Amino acid sequence: MSTNDALFARAQQVIPGGVNSPVRAFRAVGGTPRFIQRAQGSAMWDAEGRRYIDYIGSWGPMILGHGHPAVVEAVSRAVSEGFSFGAPTEREIELAEAIIGLVPSVEQVRLVSSGTEAGMSALRLARGATGRSKIIKFEGCYHGHADALLVKAGSGLATFGHPTSAGVPPEVVQHTLVLEYNHVGQLEEAFASHGKDIACVMVEPIAGNMNFVRSSVPFMTRLRELCTQHGALLVFDEVMTGFRVALGGAQSVYARLIPGFQPDMSVFGKVIGGGMPLAAFGGSKAVMSQLAPLGPVYQAGTLSGNPVATACGLATLKEIAKPGFFESLSAKTTALVQGLTQVAQDAGVPFCGDSQGGMFGFFFHPTLPQNYATVMATDKDRFNRFFHGMLNRGVYLAPALYEAGFVSAAHSDEDIALTLDAARHALRD
Ligand SMILES: *Cc1c(COP(=O)(O)O)cnc(C)c1O
């Protein structure tokens with residue numbers, strides 16, 4: 001049987017870095033990535049036959065756990081009917097109706113194949129619909145790898161950003177303004193200087209690409225006010241949070257805290273595909289009608305609304321919409337985070353964690369960070385030791401301190417107890 005080391009060496013010969021998405025390479029934590037052979041429920045098995053309790057869930061999509069029977073059945077049926085037609089299908093309408101039924105701010109939705117594609121298309125649509133060029137994003141939020149969004153903050157406040165990747169010409173990001181997350185003052189200054197030119201503000205409402213950082217209510221309230229006042233579209237990137245932190249996404253969480261709150265556009269991915277390549281962006285009919293073939297903003301995709309992917313997404317949404325689903329998922333996630341907090345406290349290790357629905361984060365730090373710089377200043381050595389300690393004990397956490405974690409409906413009380421037991425030992429490593 002192949003070992004992880006042998007597979008990694010072989011992979012590196014033919015795939016850059018041995019992986020098809022960089023964080024899988026374990027560069028942040030060191031060591032050899034596990035090559036996964038199969039998964040079922042809350043567990044995954046690697047090439048060496050070792051079992052792991054999976055808290056990544058394919059980075060969010062596997063909210064029901066792996067191989068949920070209703071999803072497997074729906075996908076198997078769809079596969080037997082054909083892989084792809086390049087023509088409209090009834091299932092696309094059903095999925096669009098399901099999304100719209102769960103997310104009141106979305107009146108129309110376009111299906112695509114990845115979160116990157118959805119974010120990139122939402123951005124183009126926001127610019128096309130407003131006739132403006134500038135956009136605001138926040139340091140530490142990830143919206144996929146479209147050129148205009150691979151940007152870090154410039155040298156000073158309210159200056160435009162620098163590319164975070166080679167191959168992105170500075171001219172391409174000259175319209176992207178990068179601000180500190182949860183910083184109301186910077187937001188006000190940016191709108192005061194550029195308000196009439198800002199097409200949209202794109203934000204992860206609960207940021208999962210810097211571990212787990214919530215937008216504060218004052219920040220979100222002011223963000224909504226400034227967008228409305230200046231005619232900029234507020235775009236919620238809910239690729240991670242959508243159908244994951246609550247049935248109605250993070251926007252339903254903020255709507256409970258801020259009366260009448262809604263974003264103008266939303267971007268979805270991950271859970272809506274249930275593990276298949278599927279994503280979406282949506283908003284009001286007025287905005288969405290700017291898209292081709294109705295309007296001047298071009299967007300298209302050979303595999304968009306793929307019949308197998310939509311079957312998988314629909315079956316997944318159907319399960320999570322059942323009464324009590326999120327109550328039960330939230331209770332498990334809360335038990336995990338509270339348990340970890342207790343274990344760390346018993347070990348005298350500075351620690352704090354947070355969660356919403358089936359998404360969680362934790363930090364080796366005494367208080368919850370509010371922005372990217374604070375996340376990156378948390379104890380990295382302690383995190384890396386803990387990550388490997390857990391992995392060696394059969395618990396698969398995200399391999400970087402800036403990634404969120406995910407609990408699925410398939411995680412049992414026993415899984416959580418085993419995880420806490422592993423943590424008790426791992427904190428002594
Ligand atoms: C994962 C993610 C994306 C990118 O989605 P892909 O399907 O990986 O292209 C965009 N935004 C957020 C918030 C994400 O978590």
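Contact here means heavy atoms within 4.5 Å. The model is predicted.

**Exercise 1. Place His-143 and list what surrounds its side chain and backbone.**

Step 1. Locate the residue. His-143 sits in the loop between β5 and β6 (151-152).

Step 2. Decide on burial. The cut-off for buried is under 20% relative accessible area. His-143 has 2% relative accessibility, so it counts as buried.

Step 3. Collect the contacts, leaving aside neighbours within four places in sequence. His-143 is in contact with Thr-116, Gly-119, Lys-137, Leu-149, Met-202, Val-203, Glu-204 and Asp-237.

Step 4. Look for a polar contact. The side chains of His-143 and Asp-237 are joined by one of 2.8 Å.

**Exercise 2. Lay out the open sheet that contains β5, and find its edges.**

Step 1. Write the order. The sheet has 7 strands, β4-β14-β13-β12-β9-β5-β8, and its pairing is mixed.

Step 2. Find the edges. β4 (108-112) and β8 (176-179) each have a single partner strand, so one side of each lacks a neighbour in the sheet.

Step 3. Add the twist. On average, neighbouring strands of this sheet are turned by 20° against each other, direction ignored.

Step 4. Check one pair. β5 (residues 134-138) runs parallel to β8, with 4 bridges. Lys-137 has Val-178 in β8 as its bridge partner.

Step 5. Add the helix. α6 (residues 217-230) lies across β5, β9 (198-203) and β12 (233-238). Its direction makes about 135° with β12.

**Exercise 3. Trace the pairing of β1, β2 and β3, using Trp-45 as the reference.**

Step 1. Pair β1 with β2. β1 (residues 36-40) and β2 are antiparallel over 4 bridges. Arg-38 stands opposite Trp-45 in β2.

Step 2. Close the turn. The β1-β2 hairpin has 2 residues between its strands, and Gly-41 in the turn has a positive phi of about 60°.

Step 3. Pair β2 with β3. β3 (residues 51-54) is antiparallel to β2, and 3 bridges join them. Trp-45 has Arg-51 in β3 as its bridge partner.

Step 4. Close the next turn. Here 4 residues lie between β2 and β3, and Gly-49 in the turn has a positive phi of about 80°.

Step 5. Sort the side chains of β2. In a regular strand the side chains alternate between the two faces of the sheet. Ala-43 and Trp-45 point one way, Met-44 and Asp-46 the other, and all are buried.

**Exercise 4. Describe β16 and its two partners.**

Step 1. Count the buried residues. In β16 (residues 359-363), 5 of 5 are buried.

Step 2. Split them by direction. Met-359, Gly-361 and Phe-363 point one way, Phe-360 and Phe-362 the other way.

Step 3. Name the partners. β15 (residues 352-356) pairs with β16 in the antiparallel sense over 5 bridges. β18 (residues 405-406) is also antiparallel to β16, joined by 2 bridges.

Step 4. Match residues. Gly-353 has Phe-362 as its bridge partner. Phe-360 stands opposite Gly-405.

**Exercise 5. Test the length of α9 and judge its surroundings.**

Step 1. Predict the span. At 1.5 Å a residue, the 14 residues of α9 (residues 307-320) should span 20 Å.

Step 2. Compare. The end C-alpha atoms of α9 are 20 Å apart, which agrees.

Step 3. Check burial. Since 13 of its 14 residues are buried, α9 is largely enclosed by the rest of the structure.

Step 4. Inspect the start. A side-chain oxygen of Asn-306 comes within 2.9 Å of the backbone nitrogen of Val-308.

Note on methods. Residues are numbered from 1 along each chain as its sequence is written. This is a predicted model: local features need pLDDT of at least 70, side-chain atom pairs count only at pLDDT 80 or more; totals for chains, interfaces and linings use all residues. Side-chain values use heavy atoms; hydrogens and water are left out. The expected span of a helix is 1.5 Å times one less than its number of residues. Buried means under 20% relative accessible area, exposed over 50%, partly exposed in between (1.4 Å probe, protein chains only). A polar contact is a pair of N or O atoms within 3.5 Å; within protein, one must be able to donate a hydrogen and the other to accept it, and residues adjacent in sequence count only if both atoms are side-chain atoms. Two strands pair if DSSP finds at least two bridges between them. Axes are lines fitted to C-alpha atoms, for helices over the stretch in contact, and angles run from 0 to 180 degrees between N-to-C directions.
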